[in-house]
Structure formats: structure tokens, C-alpha cells
Amino acid sequence: MIFGLYLLDKVTIFVPGWLAPILEYLSIDFHYRNLMRGVIDSRDVLYYLSLTAFAGLLTAYHLARRPE
């Protein structure tokens, strides 16, 4: 999943113009570049927190479905 989100930024040259900004914003690399420059933006923090929450929800759902 993480590798797929990383690659979203790399495939923007192959998609139509209107879809490229959306894929770039969903990419991990797009948000990480801001943090590497030392810019702590609330959008980047919210992006990583929402990814963490989504992964936690998927884990909880998967564990709830496991037979005991």
C-alpha cells in the first residue's frame, strides 16, 4: 500500500492533465518533500495522521473478522 502511494507521484506523466494534481496530492512523496525542507504544514500532518488512522481501522476490521 505504501509503495503504491509512493508511485502515484511518479505516474502523473502518464495520466490526463486533470487527474495529475489529484494523484500528486495523494502521493506520499509529495507530502514528504515539504517535511524534508523543514516546512511543517497542517495539510501534510493531517495526511499522515489520516493514513495512520486508516491503517489502524483496516487492522481492527481484519482482526475482528478473524475466527477465534
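User: In this predicted model, is M36 buried or exposed?

Analyst: The residue M36 is found in helix α3. Residues count as exposed when their relative accessible area is over 50%. The relative accessible area of M36 is 58%, so M36 is exposed.

User: Which helix gives the most to the nonpolar surface patch?

Analyst: The nonpolar patch covers about 620 Å² and is made by Y32, L35, M36, I40, V45 and L49. Two helices, α3 (28-36) and α4 (42-65), each supply at least two of its residues. With three residues, the helix that gives the most to the patch is α3.

User: How many helices does the chain have, and in what order do its elements run?

Analyst: The chain contains zero strands. From the N terminus on, its elements run α-α-α-α. The number of helices is therefore four.

User: What is the radius of gyration of the chain, and why is the chain described as more spread out than a compact globule?

Analyst: The elements of the chain run α-α-α-α from the N terminus. For 68 residues the globule rule gives 11 Å, and the radius of gyration of the chain is well over that, so the chain is more spread out than a compact globule. Along the principal axes, the C-alpha trace spans about 45 × 30 × 15 Å. The radius of gyration itself is 15 Å.

User: What percentage of the residues of the chain count as buried?

Analyst: A residue counts as buried when its relative accessible area is under 20%. The chain exposes about 5,500 Å², of which carbon and sulfur atoms supply 70%. Of the 68 residues of the chain, the share that count as buried is 19%.

User: What share of the contacts with a separation of 6 or more comes from residues 24 or more positions apart?

Analyst: The set considered here is the contacts in the chain with a separation of 6 or more. Within that set, residues 24 or more positions apart account for 13%.

User: Where in the chain is confidence highest?

Analyst: The chain averages a pLDDT of 92, and 100% of the residues score at least 70. Confidence is lowest in helix α1 (residues 2-7), at a mean of 90. It is highest, at 95, in helix α4.

User: Which residue does D29 meet in a salt bridge at 2.7 Å, N to O?

Analyst: Side chains of opposite charge can pair when their charged atoms come close. The pair in question links distant parts of the chain, with D29 in helix α3 and its partner 19 residues apart from it, in the loop between α1 and α2 (20-26). D29 is buried, with a relative accessible area of 15%, whereas the partner counts as partly exposed at 36% relative accessibility. The partner of D29 at 2.7 Å is K10.

User: With which residue of helix α3 does D29 form a salt bridge?

Analyst: D29 and this partner both lie in helix α3, four residues apart, about one turn of the helix. The closest N and O atoms of the pair are 3.7 Å apart. The partner counts as partly exposed, at 38% relative accessibility. The residue is R33.

User: Which residues are joined into one network by salt bridges that share partners?

Analyst: A search of the whole structure finds five salt bridges. One of them is formed by D41 with R43, the closest N and O atoms being 2.7 Å apart. Salt bridges that share partners make one network, and the residues joined in it are D9, K10, D29 and R33.

User: Which residues does E24 touch, not counting residues up to four places away in sequence?

Analyst: The place of E24 is in helix α2. With a relative accessible area of 29%, E24 is partly exposed. Its C-alpha atom is separated by 18 Å from that of L49, 25 residues apart along the chain. The residues that E24 touches are D9, T12 and F30.

User: Leaving aside its neighbours within four places in sequence, which residues is L8 in contact with?

Analyst: L8 lies in the loop between α1 and α2. At 18% relative accessibility, L8 counts as buried. L8 and N34 are 26 residues apart in sequence and 17 Å apart in space, C-alpha to C-alpha. The residues in contact with L8 are L23, L26 and S27.

Definitions and conventions. Residues numbered from 1 in each chain as written. Predicted model: local features only at pLDDT ≥ 70, side-chain atom pairs only at ≥ 80, totals over all residues. Heavy atoms only, no water. Patch = residues over 30% accessible without salt bridge, like charges linked within 9 Å, V, L, I, M, F, W, Y side chains within 5 Å. Areas by Shrake-Rupley, 256 points an atom, 1.4 Å probe, with all protein chains shown as cover. Salt bridge = Lys/Arg side-chain N within 4 Å of Asp/Glu carboxyl O. Buried < 20%, exposed > 50% of the residue type's maximum accessible area, 1.4 Å probe, protein only. pLDDT = per-residue confidence, 0-100. Rg over C-alpha atoms; globule rule 2.2 N^0.38 Å. Contact = heavy atoms within 4.5 Å.
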